[in-house]
Amino acid sequence: MAEITYREAVRRALVEEMRRDERVFIMGEEVGVWGGTYAVTRGLLDEFGEKRVRDTPISELVIAGAAVGAAMNGLRPVAEIMTVNFALLSLDAIVNHAAKVRYMFGGQFNCPMVLRTTAGWGQLSATHSQTFENYFAHVPGLKVIMPGTPKDAYGLLKSAIRDPDPVVFIEHTHLYRVRGEVPDEEFTLPIGRSEVKRPGRDVTVVAYSRMLHEALQAADELAEEEGIECEVVDIPTLRPLDLEPIIRSFQRTYRAVLATEQWLGYGLDAEIAAQIYEHAFDYLDAPIRRVTARPVPLPYSRDLERLALPGKDEIKQAVLEVVR
Amino acid sequence: MIQLQTEEGVLSTFDRETLLSWYRQMILIRRVEEEAATAYQRGHIGGFLHLYIGEEAVAVGALNALRPDDNVVVHYRDHGHALARGLPARAVMAELFGKATGCSRGKGGSMHLADATKRFWGGYAIVGGQLALAAGIALADQYAGHERITICFFGDGATNNGYFLESLNLAAVWHLPVIWVCENNSYGMGTSVERASAVTEIYRKACAYNTPAEQIDGQDLLEVYAAVRRAADHVRAGHGPYFIEAVTYRYRGHSMGDPERYRSKEEIERWARHDPIERFKRFLIEEGISLEMLESIHAEVEEEVQDALRFASESPPPPPEALWEDVYAAPAAGDPFILPPAVAPAQ
């Protein structure tokens, strides 16, 4: 088993699926000659040529909309939107078309497309540092994946490309250099599975994407410093959401902390909290705590940015509050 | 046999049956829509109902100039295109009535008619949205090496938003096999082209995307046919997209319940004097087709429309379980938010 980076895992999934299926192609800004803004698609143009690795104009709306049409007419597009901030310009094509063409025409059309995009930040200020997975996860007809590990990124992207429904696949720019074990032999992972990434008896911590790593580190430190054992549940698929591992864990720990990079308010964390209340109210020993970004536009200054975004320290503090 | 002359000479020679079938399609569209308007007022049809009455020559002329396996993508004023493409009047009317037997199984309604088997990819109701889809549909055919081309219809209003710019540009950059047809009926809802668009001759916008374009009289069936044939030859030969502005007019409101404060009765009457059906009828009579022949077509259409109304009215509504069907490809277990593990991707 090789240890590879998250970036390499995504690239490996793309390359394998393109070799496997002639219908799979990539379109997006700077995916070809440039090699991908985050170097994910580097080398793909050389192997697959311009027909299958298509540089587009800076036209987020038609990138997404044309992917819908191409998917309806038999291809398997992997459309790349450089960051999820720019995906707001694609939103109509995704929400009003990708998510609807099967239903509103009575099941006559398929839309097997993947919209790959990124969340992330780093002194990029107000319009380049956001994360909007809840916008997509709200929509019936879409599937939304936000993997935290190289293995999940690889296995889930392969499944997303083969899936008959539109999938929004959100990578995190901070994770591209994270290394992890990925089996050498080809495999896929099922969409719609949550997973306990670290067992523990005291508190259930639900996290995904970058916050999964913050949660795992917080859990290690809490175990060492306070003897508190957190159970970290990863939800790499946000829609459909596999609640079972979350509820099962909560029924043993009676306490939960939900960690996300989203702003406080109307987020995925609120949905998960509501689901826990609905499915396991009798097990509740403490109010569910949420760890989120502060609800302000992201500032440029490094110091202010640090204050705005959540990390392991906030998770540790929230865990201490719910066990107290 | 009847010869169709254009400036370039003889375009085509048609037998009478073909020309009469076009006449029949226009009559069918108009009668289906007149009955739909009545059914709407009686409460049998809900939501929005956008009538195409007055614009019939555009859909009929254009779609008959294409091959049956070419792709058709339309806006929400889609009844005419659906019928011209050969969707049965029964399936169209049943869809308007929201019945299980409708072409979209009662899930789409007036704005979302479709028939995958006829490569009629549907009516779309976000202004301009279908242009991006059409680019993608055309891309898939180009990618697969098919000879098929895609025709995409939209109104003058759609030429003012981002979908138009991005789709025309991408289609031109990638030489996609698309015919863009702007149905310029002078108004985007109630706002006239003059008040909404810096360029009122819409076809001139296409030059910004280096796409050959022409403006035609959309009330003249034969002119529409000839233009789309020209466009189809250009596009099918691999020369990239082609743009047609068909100048046309809708006699009815934007949708039912339009107060029509933005135009005068005189304006509507002026256009009705050049009614596309009447003009084609005069042509047929000049070509020696008898009035009796035309009247028999009217009688036949009337029977078809009444049959469609009966069929729609007697058809069952979609069953309750249809609510959950087709949200995703795999059957959902009653809740599309939390799909069962069985809905793992096909390997």
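**Exercise 1.** In this predicted model, determine which hand the crossing of helix 9 of chain A and helix 10 of chain A has, and describe which residues make the contact.

*Solution.* Begin with the crossing itself, which is right-handed for helix 9 of chain A and helix 10 of chain A. Next, place the two elements: helix 9 covers residues 244-253 of chain A and helix 10 covers residues 268-280 of chain A, and they pack at an angle of about 60° with their axes 10 Å apart. Then list the residues that touch: helix 9 of chain A contributes Ile246(A), Ile247(A), Phe250(A) and Gln251(A), while helix 10 of chain A contributes Ile272(A), Gln275(A), Ile276(A), His279(A) and Ala280(A). Finally, sort the residues of this contact by character, which gives six nonpolar, three polar and no charged.

**Exercise 2.** Work out how many residues of chain B and of chain A are in contact, and what area the two chains bury between them.

*Solution.* First, count the residues on each side: 52 of chain B are in contact with 58 of chain A. Second, take the area, which is about 4,400 Å² buried between chain B and chain A, with 64% of it on carbon and sulfur atoms.

**Exercise 3.** Find how many residue pairs are in polar contact across the interface of chain B and chain A, and which element of chain B gives the largest share of the side that touches chain A.

*Solution.* The rule finds 23 residue pairs in polar contact, both residues at pLDDT 80 or more. On the side of chain B that touches chain A, the elements giving two or more residues are strand 4 (120-124), helix 5 (129-144) and helix 6 (162-173) of chain B. The largest share, ten residues, comes from helix 5 of chain B. As a last step, the residues of this side divide into 30 nonpolar, 13 polar and nine charged.

Note on methods. Residues are numbered from 1 along each chain as its sequence is written. Chains are lettered from A and ligands numbered from 1 in the order in which they are written. This is a predicted model: local features need pLDDT of at least 70, side-chain atom pairs count only at pLDDT 80 or more; totals for chains, interfaces and linings use all residues. Side-chain values use heavy atoms; hydrogens and water are left out. Contact means heavy atoms within 4.5 Å. Buried area is the accessible area (1.4 Å probe) that two parts lose on being put together, summed over both. A polar contact is a pair of N or O atoms within 3.5 Å; within protein, one must be able to donate a hydrogen and the other to accept it, and residues adjacent in sequence count only if both atoms are side-chain atoms. Helices (H or I, at least four residues) and strands (E, at least two) are DSSP runs, numbered from the N terminus. Ala, Val, Leu, Ile, Met, Phe, Trp, Tyr, Cys and Pro count as nonpolar, Asp, Glu, Lys and Arg as charged, and the others, Gly among them, as polar. Axes are lines fitted to C-alpha atoms, for helices over the stretch in contact, and angles run from 0 to 180 degrees between N-to-C directions. A crossing is left-handed if the near helix is turned anticlockwise from the far one by less than a right angle, and right-handed if clockwise.
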